[in-house]
Amino acid sequence: MRIEHIAIWTDDLERCKQFYIRYFDAVAGSGYVNPSKGFESCFLSFKEGARIEAMRTTSLHPVAIEPGAQRMGLTHFAVSLGSEPLVDELTLRLKGDGYPVLDGPRRTGDGYYESVVLDPDGNRVEITA
């Protein structure tokens, strides 16, 4: 078994797509729209097979939480870049472009080399080696 994808709500589908395309080399699918449900989504695929489903709705009201908040349930996801220099480089690039860096880069107690950043919707993304 493997996790097929994670899904995240966004209030700006294009902004969300462009973030993961620009910084994580995601490839966006063609998208899906269901006007009767006020729903649209787009799958963002990564080289190794993982995917994010970015979703927007006009008919539901997802609960907004403080950006980067630690909460019960899904609290972050990690993207492995494969090397410490790549973690350093992307972290600096994101910081320079105005995205919040919450932690790192650093070596964690469980052996990861990582930094933690927020995407445009306030989701915590661990960037790991």
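In this predicted model, arginine 22 and aspartate 97 pair up through their side chains in a salt bridge, with N and O 3.3 Å apart. The two partners come from quite separate stretches of the chain: arginine 22 sits in helix 1 (residues 13-24), while aspartate 97 belongs to the loop between helix 2 (84-96) and strand 7 (101-107), so the contact ties together parts that are 75 residues apart in sequence. Neither end is hidden away or fully out in the open. Arginine 22 is partly exposed at 47% relative accessible area, and aspartate 97 is likewise partly exposed, at 37%.

That pair is one of eight salt bridges in the structure. Another one joins arginine 106 to aspartate 103, with an N to O distance of 2.6 Å. Here too both residues count as partly exposed: arginine 106 has a relative accessibility of 35%, and aspartate 103 comes in at 30%.

Some of the salt bridges share partners, and in this way Asp11, Arg15 and Asp121 are linked into one network. Within that network, arginine 15 bridges to aspartate 11, and the closest N and O atoms of the two are 3.0 Å apart. The surroundings of these two residues are worth setting side by side. Arginine 15 is partly exposed, with a relative accessible area of 32%, whereas aspartate 11 is exposed, at 60%. The cut-off for exposed is over 50%, so aspartate 11, with its 60%, falls in that class.

Terms used. Residues numbered from 1 in each chain as written. Predicted model: local features only at pLDDT ≥ 70, side-chain atom pairs only at ≥ 80, totals over all residues. Heavy atoms only, no water. Salt bridge = Lys/Arg side-chain N within 4 Å of Asp/Glu carboxyl O. Buried < 20%, exposed > 50% of the residue type's maximum accessible area, 1.4 Å probe, protein only. Helix = DSSP H or I, 4+ residues; strand = E, 2+ residues; numbered from the N terminus.
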